[in-house]
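Trainee: I am new to this structure and would like a close look at one part of it. Could you pick a single region, walk me through it, and then place it in the whole?

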Amino acid sequence: PIGDLPAWHPTRMVHQVFDPFRSRKLTVVRYQKLILERLDNEPLLAAFGVDTGFNMQAYFMILHAWLLHQRLVLEGSKAKKIDEDLFEQCWNMTRSWLVLKRVPEYRFDAELQNVQEYMLGACIAMDKALERPDVLPARVQQCLWANMYSGSVKKDHRGLMRLTKYMLRQ
């Protein structure tokens, strides 16, 4: 790997000159792989009652992006671009899913914008849930119930309870 080369090595210098954002790109790819690992983890999905439908998969993806976003916010301005790139990768993945879903071209942009609004709405709701630590678990559970599960399960649903604990422990 390039990182193992000494600072004066020509190959490393060429990469620093011609690809100065390489380390940021690699970081974003690593984060995206973490999210994909969670989406491919069938026992985890089963434990939370996450089905293979587009909406639940998209919410599950964005919840993990939000968790990473929370960590990056703690890093301050130096991680802002990584955060932006991470969400851009999420939108690229969403675009790919919409293509696989065979959304007609004339509706594609409207569908993508609709999905982005719902996903960002879920992130904002999770941010607001963090505002009052005294009732944090209940607020997170309410947010997950309303967004991820779209209110289709009971509030004492085992998967919802597990997902709430999972989100709080991350």
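**A close look at helix α5**

Mentor: Let us begin with a pair: Asp85 and Lys81 both sit in helix α5, four residues apart, or about one turn of the helix. Before going on, please keep in mind that this is a predicted model, where local features need pLDDT of at least 70 and side-chain atom pairs count only at pLDDT 80 or more, while totals for chains, interfaces and linings use all residues. Residues are numbered from 1 along each chain as its sequence is written, and side-chain values use heavy atoms, with hydrogens and water left out.

The helix in question spans residues 80–100. (Helices are DSSP runs of H or I with at least four residues, strands are runs of E with at least two, and both are numbered from the N terminus.) Asp85 and Lys81 are joined by a salt bridge, with their closest N and O atoms 3.7 Å apart. That term stands for a side-chain nitrogen of Lys or Arg within 4 Å of a carboxyl oxygen of Asp or Glu.

How well covered are the two partners? Asp85 counts as buried because its relative accessibility is 18%, whereas Lys81, at 39%, counts as partly exposed. (Buried means under 20% relative accessible area, exposed over 50%, and partly exposed in between, with a 1.4 Å probe and protein chains only.) The pair does not stand alone: Arg24, Lys81, Glu84 and Asp85 are linked in a network of salt bridges.

Now look at Asp83, which lies in helix α5 as well. What stands out about Asp83, a buried residue? Asp83 has no salt bridge, and the nearest side chain of opposite charge, Lys80, is 8.6 Å away. For charges, Lys and Arg count as positive and Asp and Glu as negative, with His and the chain ends not counted. Which residues does Asp83 touch, leaving aside those up to four places away in sequence? Asp83 touches His69 and Leu72, where a contact means heavy atoms within 4.5 Å.

Lys80 deserves a look of its own. This lysine is part of helix α5, and Lys80 counts as exposed because its relative accessibility is 54%. Its C-alpha atom is 13 Å from that of Trp66, a residue 14 places away along the chain.

Next comes the salt bridge between Glu88 and Arg95, whose closest N and O atoms are 3.7 Å apart. Glu88 is partly exposed, with a relative accessible area of 37%, and Arg95 is partly exposed too, at 29%.

What comes after α5? A loop runs between α5 and α6 (105–129), and Arg102 is found there. Its phi angle is near 60°, a positive value in a residue other than glycine. Arg102 also counts as exposed, because its relative accessibility reaches 74%.

A similar backbone feature turns up at Ser150, where phi is near 50°, again positive in a residue other than glycine. Ser150 is placed in the loop between α7 (136–147) and α8, and at 55% relative accessibility Ser150 counts as exposed. In sequence, Ser150 and Asn55 are 95 residues apart, yet their C-alpha atoms are 9.4 Å from each other in space.

Now let us step back to the whole. The protein has eight helices and zero strands, so you can read its pattern along the sequence as α-α-α-α-α-α-α-α. Its C-alpha atoms fill a box of roughly 60 × 45 × 30 Å along the principal axes. Of its 170 residues, 38% are buried. Among contacts between residues at least 6 apart in sequence, 54% join residues at least 24 apart.

How many salt bridges does a search of the whole structure find? The search finds seven. One of them to compare with those you have met joins the side chains of Glu37 and Arg38, at 3.8 Å from N to O. Glu37 counts as partly exposed at 47% relative accessibility, and so does Arg38 at 28%.
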